[in-house]
Amino acid sequence: MSLAVITGDLVGSTQLSTSQYDAALLALKTAAHQQVGSFYSLRGDGWQFAGPKPDHALRIALTFRAFLKSQSDALDSRFAIAIGDETMMPGQDIQTSNTATFVASGRLLDSMNSQILMAHSSGEYAHAATVLADHISQQWTQKQARTILPFLTATSKPTQKQVAADLGVSRQAVGQALDAAGFAAIQSALNAIETQAK
């Protein structure tokens, strides 16, 4: 079985207020709670997630970003994705894990430049798709992040009408936010990646 590890750290953490930092950490924990896997924070502004669905790694990273940006435009993180041929045991404490996939994810994070906030250690097409998705999603506003978030959940397919009702806005407003967020292109890319992996 393969394993996906995402290592990240908050962008501009030293400029965040205490309330912003707490909101960011809560957003990350909430996002992780909706995934199959384990999460923990480390080194103050750093965090790590490990899960058994490597084909969903990019979707998970984008979900984390959407949770952050839905709280505030000031919140974001870097995301270093690594995939390995490992098995994650139930209840495994990832704080003490130092296998090849965890090491690869951490090293990728350390090597990323300031312009790229999301990268994939597999290189080639996986990295290309990740960098392009990063470029699009870095521009999400708080409104766009809140709108796109329900559509990133792989297990559900809400309608625009349902999301509009939940957010208390019109269906047209949902459609406009999704268009501005580049959701159609992102969703097509995610579907292609996840379908190919099956």
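**Exercise 1. Find the handedness with which α2 passes α5, then describe the contact.**

Solution.
Step 1. In this predicted model, α2 passes α5 in a left-handed crossing.
Step 2. Take the geometry. The axes of α2 and α5 (residues 142-152) cross at roughly 145 degrees and come within 8 Å.
Step 3. List the residues. From α2 come Arg59, Leu62, Thr63, Ala66, Phe67, Lys69, Ser70 and Gln71. From α5 come Gln142, Ala145, Arg146, Ile148, Leu149, Phe151 and Leu152.
Step 4. Sort by class. The α2 and α5 contact holds 8 nonpolar, 4 polar and 3 charged residues.

**Exercise 2. Describe how α1 packs on α2.**

Solution.
Step 1. α1 spans residues 18-33 and α2 spans residues 57-71. Their axes lie 9 Å apart, at an angle of about 145 degrees.
Step 2. The crossing of this pair, α1 and α2, is right-handed.
Step 3. Ala23, Ala24, Ala27, Leu28, Thr30, Ala31 and Ala32 of α1 touch α2 at Thr63, Phe64, Phe67, Leu68 and Gln71.
Step 4. The α1 and α2 contact counts 9 nonpolar, 3 polar and no charged residues.

**Exercise 3. Work out which residues of α3 are buried and which are exposed.**

Solution.
Step 1. α3 (residues 100-111) has 12 residues and reaches 16 Å from first to last C-alpha, close to the 16 Å expected.
Step 2. Buried in α3 are Thr101, Phe102, Ser105, Leu108 and Leu109.
Step 3. These buried residues cover an arc of only 130 degrees around the axis, so they sit on the same side of α3.
Step 4. Ala100, Arg107, Asp110 and Ser111 are exposed on the other side of α3.
Step 5. The buried residues of α3 pack against β1 (3-10), β3 (46-51), β4 (77-84) and β5 (118-120).

Terms used: Residues numbered from 1 in each chain as written. Predicted model: local features only at pLDDT ≥ 70, side-chain atom pairs only at ≥ 80, totals over all residues. Heavy atoms only, no water. Axes fitted to C-alpha atoms, helices over the stretch in contact; angles between N-to-C directions. Helix = DSSP H or I, 4+ residues; strand = E, 2+ residues; numbered from the N terminus. Left-handed = near helix turned anticlockwise from the far one by under 90°. Contact = heavy atoms within 4.5 Å. Nonpolar A, V, L, I, M, F, W, Y, C, P; charged D, E, K, R; others polar. Expected span 1.5 Å × (residues − 1). Buried < 20%, exposed > 50% of the residue type's maximum accessible area, 1.4 Å probe, protein only. Arc of directions from axis to C-beta.
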